[in-house]
Amino acid sequence: MKNFVDENFELNEVQKLEGHTDRVWGLAWKPAAGIDGVPAVLASCSGDKTVRIWEQSPATGCFQCKAVLEDTHTRTVRSCAWSPSGKYLATASFDATTAIWEDAGGDFSCVATLEGHENEVKSVSWNASGSLLATCGRDKSVWIWEVLPHNEFDCISVLQGHTQDVKMVQWHPSVNILISCSYDNSIKVWAEDGDSDDWHCVQTLNQSNSGHTSTVWALSFNASGDKMVTCSDDLTIKIWGCDIIRMQSGDGNAPWMHISTLSGYHDRTIFSIHWSRDGIICSGAADDAMRFFIESKDDLVDGPYYKLIYKKEKAHEMDINAVQWSSLENNRLASASDDGTIKIWEFISAPGKKMHL
Amino acid sequence: MVVSNMVSGLINANPVVYERKERQTRSAPGDVDEYAHIRDVKDPEHPYSLEELKVITEDAIEVDDKRSYVRVTFTPTVEHCSMATVIGLCLRVDIRVAPGSHASEAAVNKQLNDKERVAAALENPNLVDMVDECLAPSYG
């Protein structure tokens with residue numbers, strides 16, 4: 001992996017996407033797009049109850065709104081996620097449903113609606129193979145759905161355990177374990193019980209084991225899946241690690257351990273965090289700023305430590321709700337804000353020089 | 001967010017009503033301007049403003065221009081005031097109840113400072129109606 005520590009960085013605003021008529025809550029880059037001639041595609045979801053699909057024009061490089069998915073959700077759309085194949089987009093809404101949209105060459109149709117949550121659904125995530133979907137919400141529960149043929153979705157588990165609103169769920173990038181984070185200040189790890197198809201909580205990370213002391217808003221895994229980063233209303237970012245070999249060999253009980261807490265960098269709630277494929281952590285916060293951190297390999301006596309390498313103040317006019325690195329182009333990322341806009345950025349090292357792989 | 005007691009009766013039927021402070025124009029901007037915006041917000045249960053019921057006072061507003069924040073501390077008239085969350089929704093800034101003034105102080109503060117919870121609550125028509133009532137200008 002490239003060593004970034006001694007480099008100078010620049011964050012350039014490539015484009016500002018306008019169109020939503022309310023705050024933008026979430027973003028998702030379409031997998032398998034943005035490479036080999038296939039134009040990059042970004043989905044965004046908003047308090048205006050719609051989802052917008054933005055596509056980059058191969059000729060000009062500009063993103064244009066190709067579709068507006070409306071008249072389906074009746075309240076805020078809070079989260080969106082593409083299936084690993086890019087064929088489906090799941091959208092989670094305050095209207096207590098999760099809609100599944102099929103992308104038929106630019107034409108989107110809602111092919112399924114998942115009901116069950118008692119109130120606002122806050123997050124949706126597909127597992128690595130696309131065989132499972134997870135949702136969570138204010139009703140404190142996490143639901144796991146099995147993806148069946150002919151656009152059928154079967155709920156296989158309703159997981160209780162959090163004592164408050166669950167803000168986000170994320171599947172591990174390679175193993176079928178699910179992590180959730182909540183208004184109850186904790187992070188929970190959920191795994192299947194051997195072969196019994198029984199899902200349960202295998203670990204809880206809270207104040208008693210170096211966890212957060214206020215609402216945990218988001219989490220993100222690194223590319224190899226041996227680490228995850230969480231962000232919170234407690235103004236800190238925490239890095240956690242696990243024994244990935246043990247986890248990949250089928251031991252869902254391999255515990256997550258606290259590695260590092262980054263405090264003093266944020267003085268407002270951190271709403272979003274995303275770990276890029278080449279190891280850069282980007283945070284989006286309520287002070288309208290984006291911050292970038294990397295792992296420093298300098299002093300390994302006490303384990304890895306993390307450095308702030310760049311800060312973009314006033315990245316937006318208002319709170320930043322989502323930051324997402326592009327799944328394919330390493331130096332590109334998108335941000336979404338309460339100001340109703342989305343921005344596309346290029347994060348490069350040294351002025352005029354593009355980061356090379 | 002539970003808004004109860006709508007049918008059974010008022011949370012505080014007999015509030016103490018204080019005199020409205022004379023409005024003075026001041027040269028320096030800051031705390032006083034913010035107070036001017038909030039003093040007239042009406043109590044959800046009575047035709048008095050939050051200022052008249054001493055739910056908000058000038059001292060309870062902190063303004064930090066440099067770090068761009070305004071914090072308002074409000075004191076519900078009774079300790080178990082379930083109207084606290086409604087009042088909080090009318091005051092759209094960093095908000096908290098005065099320490100010691102409410103039984104579920106931490107819980108109320110946390111909800112009011114969670115913008116996602118506030119956004120979802122404001123999509124609830126019943127709650128919106130109550131908030132709109134409080135925010136409606138009073139004449140005379």
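**Exercise 1. Find out how many salt bridges run between chain A and chain B in this predicted model, and what sort of residues chain A brings to the contact.**

Step 1. Start with the count: eight salt bridges link chain A and chain B.

Step 2. Now widen the search to polar contacts. With both residues at pLDDT 80 or more, 15 residue pairs are in polar contact between chain A and chain B.

Step 3. Sort the chain A side by class. Where chain A touches chain B you'll find 12 charged residues, along with six polar and five nonpolar ones.

Step 4. Pick out one example. B:Lys115 and A:Asp319 pair up through their side chains, with N to O at 3.0 Å.

**Exercise 2. Work out how much area chain A and chain B bury between them, and which three residues supply the biggest share on the chain A side.**

Step 1. Recall the usual yardstick: interface size is often given as the accessible area lost when the parts come together.

Step 2. Apply that here. Chain A and chain B bury about 1,400 Å², and 41% of it is on carbon and sulfur atoms.

Step 3. Look for the top contributors. A:Arg75, A:Tyr183 and A:Arg268 supply 36% of what chain A buries against chain B, more than any other three residues.

Step 4. Add the head count: 23 residues of chain A and 14 residues of chain B take part in the contact.

**Exercise 3. Take the salt bridge between A:Lys167 and B:Asp114 and decide whether each partner is buried or exposed.**

Step 1. Check the distance: N to O is 2.9 Å for this pair of side chains.

Step 2. Place the partners. A:Lys167 sits in strand β14 (residues 166-171) of chain A, and B:Asp114 in the loop between α3 (105-112) and α4 (115-121) of chain B, so the pair crosses between chains.

Step 3. Compare with the cut-off. Buried means under 20% relative accessible area. A:Lys167 has 3% and is therefore buried. B:Asp114 has 4%, so B:Asp114 is buried too.

**Exercise 4. Two salt bridges stay inside chain A: A:Lys30 with A:Asp103, and A:Asp288 with A:Lys314. Say what parts each one joins, and how accessible the partners are.**

Step 1. Begin with A:Lys30 and A:Asp103, whose closest N and O atoms are 2.7 Å apart. A:Lys30 is in the loop between β2 (24-29) and β3 (41-46), while A:Asp103 belongs to strand β8 (residues 98-104), so this bridge ties together parts 73 residues apart in sequence. Both A:Lys30 and A:Asp103 are buried.

Step 2. Move on to A:Asp288 and A:Lys314, at 2.2 Å from N to O. A:Asp288 lies in the loop between β23 (281-285) and β24 (290-296), and A:Lys314 in the loop between β25 (305-312) and β26 (320-325), 26 residues apart.

Step 3. Judge the accessibility. A:Asp288 comes out at 7%, so A:Asp288 counts as buried, whereas A:Lys314, at 53%, counts as exposed.

**Exercise 5. Locate A:Thr213 and describe its surroundings.**

Step 1. Find its place: A:Thr213 is in the loop between β17 (199-205) and β18 (216-221) of chain A.

Step 2. Check the record. An unreviewed UniProt entry annotates "repeat: WD" over several spans of chain A, including residues 209-240. That span is 0% helix and 50% strand, with its end C-alpha atoms 11 Å apart.

Step 3. Read off the accessibility: at 44%, A:Thr213 is partly exposed.

Step 4. List the neighbours. Leaving out residues up to four places away in sequence, A:Thr213 touches A:Asn185, A:Gln207 and A:Asp234.

Technical notes: Residues numbered from 1 in each chain as written. Chains lettered and ligands numbered in written order. Predicted model: local features only at pLDDT ≥ 70, side-chain atom pairs only at ≥ 80, totals over all residues. Heavy atoms only, no water. Contact = heavy atoms within 4.5 Å. Buried area = accessible area lost by both parts, 1.4 Å probe. Salt bridge = Lys/Arg side-chain N within 4 Å of Asp/Glu carboxyl O. Polar contact = N/O pair within 3.5 Å; in protein donor to acceptor, adjacent residues only side chain to side chain. Nonpolar A, V, L, I, M, F, W, Y, C, P; charged D, E, K, R; others polar. Helix = DSSP H or I, 4+ residues; strand = E, 2+ residues; numbered from the N terminus. Buried < 20%, exposed > 50% of the residue type's maximum accessible area, 1.4 Å probe, protein only. UniProt positions renumbered as here; feature names shortened; annotations may be inferred.
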